[in-house]
Amino acid sequence: MSASFTVTAVDGIPEVQPGASLPGLVVAALRERGPRPRDGDVLVVAQKVVSKAEGSIVDLRTVTPGAEAVRLARLGGKDPRHVEVILRESKRVVRAQGGVLITEHRLGHISANAGVDHSNAGIGPHAVTVLPRDPDASARALRDAVRDAFGASVAVVINDSHGRPHREGAVGVCIGAAGMEPLLSLVGRPDRHGYTMRTSVEAVADELAGAATLVQGQCDEGTPVALIRGVTVPAGDGGAAKLIRDPSKDLFR
């Protein structure tokens, strides 16, 4: 890995509307405001603008909650229509306590409310966004657009904010990736004292996602895209599914 790197927010991304070409918006902002992409750069794009552009939006006025959604909503003081969308996006409910639903999303992520969210939707009080149907495909489309526009081979990470067990606060994590392997195995490499690593695997895509979150922000910053320069990412083209631990190896399940 590099000894230093830069993370730069990409200015000039307008409010993204359903049906917009997000790759086109990103290319236009990079061309007009910079930085101009180079080979080896990493483009990190917030999930929310991907979902909005691709129409991963639900109007709660169209949702009829089922019995389980009504039950869980009553327990947590939530809108049963919102809970119904969460259940539709989930494989299972891991934990329901107070006003919080921890679920296993259809993509495999364990997170609060299956990523169903009102914040920064900007498309009316009744709308919620859900995670993109295929974030890896979204990342590939962005990678291809940057390559075609600038002749640069970049990696792309789609990031989202997730909480973590046993720790306060949320961090940015990778939910989609293209142009890189999301994991770097250190197994078989010696440390500085000659000890051979046996199990260490670095989640590079998550580290990049978290670094970008620091400049993207969580509230009204309006900078959903960041460009990271100076990091050598693992070669390959794996998707974010590799970051999901096999349940048979997960000691917390």
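In the predicted model, strand 5 (residues 100–105) and strand 6 run antiparallel and are joined by three bridges. Within this pair, E104 lies opposite I110 of strand 6. On its other flank, strand 5 is linked to strand 4 by six bridges, again in the antiparallel sense, and here R95 is placed opposite I102 of strand 5. The connection between strands 4 and 5 is a hairpin with two residues between the strands; G98, located in this turn, adopts a positive phi of about 60°.

These pairings belong to an open sheet of three strands, ordered 4-5-6, in which the pairing is antiparallel. Strand 4 (90–97) and strand 6 (110–112) have a single partner strand each and stand at the edges, so one side of each is left without a neighbour in the sheet. From one strand to the next, the twist averages 25°. Helix 4, formed by residues 80–88, lies across strand 4 and strand 5. The direction of helix 4 is at about 130° to that of strand 4.

A second open sheet contains five strands in the order 1-12-2-8-9, and its pairing is mixed. Its edges are formed by strand 1 (6–9) and strand 9 (167–178), each of which pairs on one side only. On average, neighbouring strands of this sheet are turned by 30° against each other when direction is ignored. Strands of a sheet pair through backbone hydrogen bonds, in either a parallel or an antiparallel arrangement. For strand 2 (residues 42–46) and strand 12 (residues 225–229), the pairing is antiparallel and extends over four bridges. V44 stands opposite A226 of strand 12 in this arrangement.

Two helices are associated with the five-stranded sheet. Helix 6 (residues 204–216) packs on the sheet and touches strand 1, strand 2, strand 8, strand 9 and strand 12; the direction of helix 6 makes about 115° with that of strand 9. Helix 5 (residues 135–150) lies across strand 2, strand 8 (155–164) and strand 9, and runs at about 60° to strand 9.

The 13 residues of helix 6 span 18 Å from the first C-alpha to the last, close to the 18 Å expected at 1.5 Å a residue. The buried positions of helix 6 are V204, A205, L208, A209, A211, A212, T213 and Q216. An α-helix has 3.6 residues a turn, so residues three or four places apart point the same way. Just after helix 6, G217 has a positive phi of about 80°.

Helix 2 (residues 47–54) has seven of its eight residues buried, so this helix is largely enclosed by the rest of the structure. The buried residues of helix 2 are Q47, K48, V49, V50, S51, K52 and A53. Helix 2 is followed by G55, for which phi is positive and near 80°.

Within strand 8, the environment of S161 was examined individually. S161 counts as partly exposed, with a relative accessibility of 28%. Apart from neighbours within four places in sequence, S161 is in contact with A170, V171, G172 and Q218. K91 lies 70 residues from S161 along the chain, and the C-alpha atoms of these two residues are separated by 20 Å.

Taken as a whole, the chain comprises six helices and 12 strands. Its radius of gyration is 19 Å, close to the 18 Å that the globule rule gives for 253 residues, so the chain is as compact as a globular protein of that length. Along the principal axes, the C-alpha atoms fill a box of roughly 55 × 50 × 25 Å. Buried residues make up 43% of the 253 residues of the chain. Among contacts with a separation of 6 or more, 63% involve residues 24 or more positions apart. The exposed area of the chain is about 13,000 Å², of which carbon and sulfur atoms supply 51%.

Terms used
Residues are numbered from 1 along each chain as its sequence is written. This is a predicted model: local features need pLDDT of at least 70, side-chain atom pairs count only at pLDDT 80 or more; totals for chains, interfaces and linings use all residues. Side-chain values use heavy atoms; hydrogens and water are left out. Two strands pair if DSSP finds at least two bridges between them. Axes are lines fitted to C-alpha atoms, for helices over the stretch in contact, and angles run from 0 to 180 degrees between N-to-C directions. Contact means heavy atoms within 4.5 Å. The radius of gyration is taken over C-alpha atoms; the globule rule is 2.2 Å times the number of residues to the power 0.38. Buried means under 20% relative accessible area, exposed over 50%, partly exposed in between (1.4 Å probe, protein chains only). Accessible areas come from the Shrake-Rupley method with a 1.4 Å probe; for residues, only the protein chains shown count as cover. The expected span of a helix is 1.5 Å times one less than its number of residues.
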